[in-house]
Amino acid sequence: MSGKPKLYYFDGRGKMESIRWLLAAAGVEFEEEFLETRDQYEKLLQGGSLLFQQVPMVEIDGMKMVQTRAILSYIAAKYNLYGKDLKERAWIDMYVGGTDDLMGFILMFPFLSAEDKEKQRAFIVQKATSRYFPVYEKVLKDHGQDFLVGNNFSWADVHLLEAILMVEEKKSDVLAGFPQLQAFKARISNIPTIKKFLEPGSQRKPVPDDKYVETVRRVLRMYYDVKAN
């Protein structure tokens, strides 16, 4: 095995995308093994690689890590993206928790019916503009710094940019009333590692399509319909 982290997931966003974002932000190269068949998934299960019988799973530093939040916390700490002390870490955790909640509304969007997608789109935009984005707008305005926590680039900044771009895919002008977030988006997008990840040909995944949905349903045997919030 090479020294690069290896990611086991589908060839699409899902819960692995934030892990890809954070590794890319840290300038860490990684490999991926895409799950395309039920047999691949069963092999991981039978081999004991999936502690709680689910993906994402990341091989890193001799560990087979599962649970998205645990993986992200480890990467953030390993690559100095987790604040300089416990208080900064607590703020990072709170901000990441907020953006994680927002992205959770988007995670199952591809699996909805056409009718439910329109309802969910409006719900996502409403939550983003009334509950989540105002918090980050105020934080940035009040402290007047370039980053969310400690005036240093952190996991919180990476996660917020990912969330902003995801919501913009649902409504392109969603930041119209948030000048601080507009400036934040421009700043963070131009950090060299982030800029590279945003360029065509990177390991960033596109908006999930029908092929991704069908693959996930087949591998995980999802026979039920997902409902909107």
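This is a chat about the domains, salt bridges and backbone details of a predicted model.

Me: OK, which domains does the assignment give for this chain?
Reply: You get domain 1, covering 6-79 + 198-220, and domain 2, covering 86-190. Keep in mind that the model is predicted.

Me: How far apart are the centres of domain 1 and domain 2?
Reply: Going by C-alpha atoms, 22 Å separate the two centres. For the contact, domain 1 supplies 21 residues and domain 2 supplies 18 residues.

Me: And how much area do domain 1 and domain 2 bury between them?
Reply: About 1600 Å², and 69% of that is on carbon and sulfur atoms.

Me: How many salt bridges go across that interface?
Reply: The rule finds 2 salt bridges between domain 1 and domain 2.

Me: What about glutamate 169 and arginine 13, how do their side chains meet?
Reply: They form a salt bridge, at 2.8 Å from N to O.

Me: Why would side chains like that pair up?
Reply: Side chains of opposite charge can pair when their charged atoms come close.

Me: How many residue pairs are in polar contact between domain 1 and domain 2?
Reply: The count is 4 residue pairs, with both residues at pLDDT 80 or more.

Me: Which elements of domain 1 give two or more residues to the side that touches domain 2?
Reply: Those are α1 (17-25), α3 (68-78) and α9 (210-220). Sorted by class, that side of domain 1 has 12 nonpolar, 3 polar and 6 charged residues.

Me: Switching topic: what does UniProt list for residues 3-83?
Reply: The unreviewed entry has "domain: GST N-terminal" there. In the model, that span is 36% helix and 20% strand, and its end C-alpha atoms lie 25 Å apart.

Me: And which residues does "domain: GST C-terminal" cover?
Reply: According to UniProt, again an unreviewed entry, residues 85-209. Residues 85-209 are 67% helix and 0% strand, with 41 Å between the end C-alpha atoms.

Me: Back to salt bridges, how many does the structure hold?
Reply: The structure holds 19 salt bridges. One of them joins lysine 4 to glutamate 29, with the closest N and O atoms 3.2 Å apart.

Me: Where do lysine 4 and glutamate 29 sit along the chain?
Reply: Lysine 4 is in the segment before β1 (6-9), and glutamate 29 is in the loop between α1 and β2 (31-34). The pair links distant parts of the chain, 25 residues apart.

Me: Last bit, the backbone. Is the peptide bond from valine 55 to proline 56 cis or trans?
Reply: The bond is cis, with omega near 10°. Proline 56 lies in the loop between α2 (38-46) and β3 (57-60).

Me: What's phi for glutamine 67?
Reply: Phi is near 70°, which is a positive value in a residue other than glycine. You'll find glutamine 67 in the loop between β4 (63-66) and α3.

Technical notes. Residues are numbered from 1 along each chain as its sequence is written. Side-chain values use heavy atoms; hydrogens and water are left out. Domain bounds come from an automatic or database domain assignment. Contact means heavy atoms within 4.5 Å. Buried area is the accessible area (1.4 Å probe) that two parts lose on being put together, summed over both. A salt bridge is a side-chain nitrogen of Lys or Arg within 4 Å of a carboxyl oxygen of Asp or Glu. A polar contact is a pair of N or O atoms within 3.5 Å; within protein, one must be able to donate a hydrogen and the other to accept it, and residues adjacent in sequence count only if both atoms are side-chain atoms. Helices (H or I, at least four residues) and strands (E, at least two) are DSSP runs, numbered from the N terminus. Ala, Val, Leu, Ile, Met, Phe, Trp, Tyr, Cys and Pro count as nonpolar, Asp, Glu, Lys and Arg as charged, and the others, Gly among them, as polar. UniProt positions are given in the numbering used here, feature names are shortened, and annotations may be inferred rather than shown by experiment.
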